[in-house]
Amino acid sequence: MSTVLYARTRLQQVGLVLGVVLFFLVLSLDLEPDKPVVTRMAAVAVLMATWWITEAIPLAATAVLPLLLFPILDILTGEGTAPLYFNSTIVLFMGGFMIALTMERWNLHKRIALVVIKTIGGGPPRIILGFMAASAFLSMWISNTATAVMMLPIGLSIVLQMESEFDAKETHNFSVGLMLGIAYAASVGGMATLVGTPPNLAFQRVFELTFPEGPGIAFGMWFIMALPLTLIMLAVIWVVITKILFRPAAHLRVDRNIVDQELKSLGSMRFEERIVFLVFMTTALLWVFRKDLNLGFLNIPGWSDLLPDPKMIDDGTVALFMASLMFLVPTRSLEARAKAATLMDGSVFKNLPWGIIILFGGGFALAEGFQVTGLADYLGSRLQLLAGFPPLLMIALICLSLTFLTEVTSNTATTQMILPILASVGVAMGENPMLLMIPATLSASCAFMMPVATPPNAVVFGSGRVAIGDMVKAGFVINILGVIIISLMFYFLGTAVFSIESGVQPDWAVSAAQ
């Protein structure tokens with residue numbers, strides 16, 4: 001342990017110095033003689049990228065650098081930079097997180113998980129499938145970390161029961177498979193919705209900043225594209241774990257009484273849980289059906305069309321409105337009143353992940369800096385040689401790069417660094433920038449090899465039931481399969497959902513480049 005800590009501290013020290021050295025080195029260059037601000041912006045980007053990758057200082061601390069450096073380097077005024085840290089995407093994240101925290105407060109998330117596990121569960125492979133389905137569904141709406149932390153003790157109770165009845169060698173594959181299934185499903189589930197994982201929201205906002213005339217990225221459109229991808233990934237992961245790498249012994253039997261006892265301990269569904277569940281389901285439906293949904297064979301009009309001006313409402317408005325309703329609903333039972341007078345109270349703001357929110361803001365400021373200084377155009381013009389690559393190959397290469405890069409870096413920070421560059425590359429190639437940006441965003445959630453790659457990986461690794469060799473073996477296979485699945489699914493399904501034609505650049509992308 002001491003060796004690992006020392007090595008990590010050493011990396012942070014090197015990253016701290018290297019970032020400063022690279023910052024001044026880039027400042028000394030003359031990338032664009034007619035526009036020196038391009039060089040200054042590149043120096044800031046290199047500094048932030050180095051400190052984010054090495055975590056030389058906390059990620060959120062690096063994210064506030066634009067507030068200091070943009071005004072000093074004459075990139076953006078302080079007054080112009082500050083608003084970038086709070087916008088509709090942040091509102092959507094906060095509203096969704098507030099609803100998720102309220103679900104956790106009243107144990108609704110645990111009840112949902114147990115019901116799913118009980119419904120699907122049977123033999124060991126089906127028990128693993130039940131845990132994966134529950135983890136994936138929950139992580140669509142609450143953080144993947146909270147999902148993994150909540151599912152782990154339930155899974156461990158079943159593992160311990162199995163170990164008490166059978167030999168440790170016999171239960172090894174089941175134990176490893178269950179732990180990995182929870183971790184991987186918690187990561188994959190978040191891909192399905194805009195609020196499921198930070199990279200998705202980062203893409204939404206970076207796209208809006210880069211292409212202000214482009215189509216808005218609505219919750220429903222993303223859901224139609226990403227849900228089938230998530231389901232296929234879940235099925236593939238389940239097959240790899242239970243049928244190929246960690247096939248459970250055929251004679252093992254799982255005591256389903258454990259799940260029944262967990263459900264019984266929750267008691268009957270109380271008033272508070274019912275109301276939170278109603279708010280949760282209503283919010284999800286309002287998100288999905290806010291804008292028109294074109295399913296090819298059927299077009300479903302969005303409810304926002306009923307308003308005088310549909311553009312006045314976005315997904316963030318819905319999220320914060322529905323979350324705020326729970327400040328008004330009083331609790332009923334004595335036990336509930338001991339917790340709070342209403343379903344949600346002021347303590348929810350203490351539990352919001354402010355570090356992630358600031359990290360979002362730093363990425364959005366970085367993306368805006370790329371645009372206003374012309375650095376995005378500069379990079380795009382230098383990367384025109386990529387225009388000769390077939391689109392499907394480009395997508396696959398991007399997915400491969402992001403998947404393995406996020407094994408050792410923050411997926412949120414990495415996504416926010418890469419997306420502005422991919423946007424300019426897409427424009428330079430004469431393609432729709434979404435063709436590159438969306439697969440990169442999806443791949444940022446698909447790091448399965450290392451315990452440090454994602455919080456769910458770290459959580460299940462801490463259970464002591466998964467060796468790092470097991471995680472690397474399974475993760476490498478699923479990483480490669482994930483690259484293939486995301487590339488093909490997006491190329492054939494995602495392009496249809498978002499009306500992307502290969503080789504055709506939309507007017508909003510052309511106007512943004514001018």
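Biologist: What counts as a pocket here?
Modeller: This model is predicted. A 1.4 Å probe is tried on a 1 Å grid over the protein atoms alone. A pocket is an open set of points with protein on both sides within 12 Å along at least five of seven lines.

Biologist: What volume does the second largest pocket have?
Modeller: Glu208, Gly216, Ile217, Arg290 and Lys291 lie nearest its centre, among 24 lining residues. Helices α6, α11 (198-210) and α15 (315-325) each give two or more residues to that lining. The volume of this second largest pocket is about 510 Å³.

Biologist: How many charged residues are in the lining of the second largest pocket?
Modeller: Split that lining by class. Nine residues are nonpolar and seven are polar. The charged residues number eight.

Biologist: Which element gives the largest share of the lining of the largest pocket?
Modeller: The largest pocket holds about 1,100 Å³ of space. Its lining has 40 residues, with Ser410, Val452, Ala453, Thr454 and Pro455 nearest the centre. By class, 23 lining residues are nonpolar, 15 polar and two charged. The largest share, four residues, comes from α1.

Biologist: Which helix gives the largest share of the largest nonpolar core?
Modeller: That core has 172 residues. Phe174, Tyr184, Trp222 and Phe498 have the most contacts inside it. The largest share, 13 residues, comes from residues 219-245, helix α12.

Biologist: Which phenylalanines does Trp222 touch, leaving out residues up to four places away in sequence?
Modeller: Contacts of Trp222 include Met191, Leu194, Ile217, Ile438 and Leu442. Asn200 and Thr441 are also among them. The phenylalanines touched are Phe203 and Phe498.

Definitions and conventions
Residues numbered from 1 in each chain as written. Predicted model: local features only at pLDDT ≥ 70, side-chain atom pairs only at ≥ 80, totals over all residues. Heavy atoms only, no water. Core = buried A, V, L, I, M, F, W, Y, C linked by side-chain atoms within 4.5 Å. Buried < 20%, exposed > 50% of the residue type's maximum accessible area, 1.4 Å probe, protein only. Contact = heavy atoms within 4.5 Å. 1 Å grid on protein atoms, 1.4 Å probe; cavity = no way out; pocket = protein on both sides within 12 Å on 5 of 7 lines; lining within 4 Å. Points joined across faces, edges and corners; volume = space filled by probe spheres on them. Nonpolar A, V, L, I, M, F, W, Y, C, P; charged D, E, K, R; others polar.
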